[in-house]
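Grab a viewer and work through the exercises below. Each one gives a task, then a solution in steps.

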Amino acid sequence: MIDTKWIGHRFPVVRWEVEKGRLRFFAKAIGETRAEYIDEEAAKAAGHPSLLMPPTMLFSGPLDHDDVQRLLRTLDIDMKNILHGEQGFTYHRPVYAGDVLNFDIQITDITAKKGGALELVTRVTRITNQRGELVAEARNVMAVVNR
Amino acid sequence: MTVADISAVQSGDPLPELRLPPIDRTVLALFAGASGDHVPLHIDIDFARRAGMPDVFAHGMLGMAWIARLITQWAPQSALRSYSVRFRAITHLGNEPHLSGKVVEIFVQDGERRARVAVQMANQYGEIKILGEAIVALV
């Protein structure tokens with residue numbers, strides 16, 4: 001069982017630079033071919049300052065800083081037992097290539113289901129940009145299947 | 001191409017569907033690298049088998065990204081206020097993603113008209129893999 005003392009725990013803030021090449025690579029991986037996501041001149045012509053980040057790529061910032069491994073190590077969970085349960089984003093501002101984002105991640109809930117066979121770890125992340133503006137909030141539920 | 005006049009959207013309107021080719025190992029490898037999700041359950045069959053799975057399987061966030069394409073092909077990304085999903089079942093190699101959505105409610109919030117859009121990803125057998133909801137501003 002995961003120790004519920006970790007509810008409320010905040011991880012050190014993750015700082016992540018949004019790079020053009022990475023945006024193009026992500027677009028390729030998900031089959032996104034529209035110009036504002038891959039062609040900077042077209043993005044500018046459409047009124048954007050640079051390439052636009054697709055809605056779910058915010059997830060990648062913490063992943064680049066071994067977010068999953070850090071969480072599993074902290075809570076003493078085996079990587080083989082995890083599944084992604086839920087994910088959500090609330091959007092406040094667009095993110096473009098060149099932005100520098102900060103991710104402030106907090107564990108907000110740890111709940112056991114099915115007599116402990118399933119545990120759900122909920123984290124909420126505040127994402128701000130280099131101007132200190134709130135860009136988005138993310139909510140993540142990781143399922144831990146205890147076999 | 002986004003919807004011609006987003007302000008005219010009504011409850012019950014479907015989103016234009018998106019059907020994708022069968023999921024293969026290449027797309028999982030590319031998504032692992034591009035997204036930074038290196039969890040080996042999705043890219044290393046040896047690890048997946050040790051975890052009791054028959055093979056690697058798709059990242060949940062890959063399906064979520066595909067559904068986001070469905071949404072932003074219908075409405076501009078700047079109109080997207082929130083987007084959340086529940087991962088209902090594992091998406092396997094060979095599954096053909098079928099993304100679809102429907103407007104289920106028009107309401108006013110924070111001084112703007114918004115649409116609540118139910119979205120999902122199923123496979124070619126009609127098995128639902130991801131269920132979600134997006135809130136889109138009709139401005």
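**Exercise 1. How many bridges join β4 and β5 of chain B, and in which sense do they run?**

Step 1. Find the two strands: β4(B) covers residues 112–122 and β5(B) covers residues 128–137. Strands here are DSSP runs of E with at least two residues, helices are runs of H or I with at least four, and both are numbered from the N terminus.

Step 2. Count the bridges: there are nine, and the two strands are antiparallel. Two strands count as paired once DSSP finds at least two bridges between them.

Step 3. Check one rung of the ladder: B:Gln120 sits opposite B:Leu131 in β5(B).

Step 4. Look at another partner of β5(B): β2(B) joins it through seven bridges, again antiparallel. Here B:Ser84 faces B:Glu133.

A word on bookkeeping before you go on: this is a predicted model, in which local features need pLDDT of at least 70 and side-chain atom pairs count only at pLDDT 80 or more, while totals for chains, interfaces and linings use all residues. Residues are numbered from 1 along each chain as its sequence is written, and chains are lettered from A and ligands numbered from 1 in the order in which they are written.

**Exercise 2. Work out the strand order of the open sheet of 10 strands.**

Step 1. Start where the chains meet: β2(A), residues 82–91, and β2(B) pair antiparallel over five bridges.

Step 2. Confirm this with residue pairs. A:Thr90 has B:Ser82 as its bridge partner, and A:Glu86 stands opposite B:Arg86.

Step 3. Walk outwards in both directions. The full order is β1(A)-β3(A)-β4(A)-β5(A)-β2(A)-β2(B)-β5(B)-β4(B)-β3(B)-β1(B), and the pairing is antiparallel.

Step 4. Name the edges: β1 of chain A (14–17) and β1 of chain B (18–19) each pair on one side only.

As a reminder, strands of a sheet pair through backbone hydrogen bonds, either parallel or antiparallel.

**Exercise 3. Describe each chain in a few numbers.**

Step 1. List the elements. Chain B has three helices and five strands, in the sequence pattern β-α-α-α-β-β-β-β. Chain A has five helices and five strands, running β-α-α-α-α-α-β-β-β-β from the N terminus.

Step 2. Get the extents of the C-alpha traces along the principal axes. Chain B spans about 50 × 30 × 25 Å, and chain A about 55 × 30 × 20 Å.

Step 3. Work out burial. A residue is buried if 20 or more other C-beta atoms (placed from the backbone) lie within 10 Å of its own, exposed if 12 or fewer do, and partly exposed in between. That makes 40% of the 139 residues of chain B buried, and 35% of the 147 residues of chain A.

Step 4. Look at contact range. Two residues are in contact if their C-beta atoms, placed from the backbone, lie within 7 Å. Among contacts with a separation of 6 or more, residues 24 or more positions apart make up 65% in chain B; for chain A the corresponding share is 67%.

**Exercise 4. Which element of chain B gives the most residues to the side that touches chain A?**

Step 1. Collect both sides: chain B brings 30 residues to the contact and chain A brings 27.

Step 2. Sort chain B's side by element. α1 (25–35), α3 (60–72) and β2 (80–87) each supply at least two residues, and α3(B) gives the most, with nine.

Step 3. Sort the side of chain B by class: 16 residues are nonpolar, nine polar and five charged. Nonpolar means Ala, Val, Leu, Ile, Met, Phe, Trp, Tyr, Cys or Pro; charged means Asp, Glu, Lys or Arg; the others, Gly among them, are polar.

**Exercise 5. Which residues touch the most other members of the largest nonpolar core?**

Step 1. Build the core: buried Ala, Val, Leu, Ile, Met, Phe, Trp, Tyr and Cys residues are joined through C-beta atoms within 7 Å.

Step 2. Rank its 63 residues: B:Ile67 and B:Ile71 touch the most other members. By element, α3(B) gives the most to this core, with nine residues.

Step 3. Inspect B:Ile67. Beyond its neighbours within four places in sequence, B:Ile67 contacts B:Val85, B:Leu99, B:Val119, B:Met121, B:Ile130 and B:Gly132.

Step 4. Look for a separate core: a second one has seven residues, among them A:Ile2, A:Ile82, A:Met142 and A:Val144.
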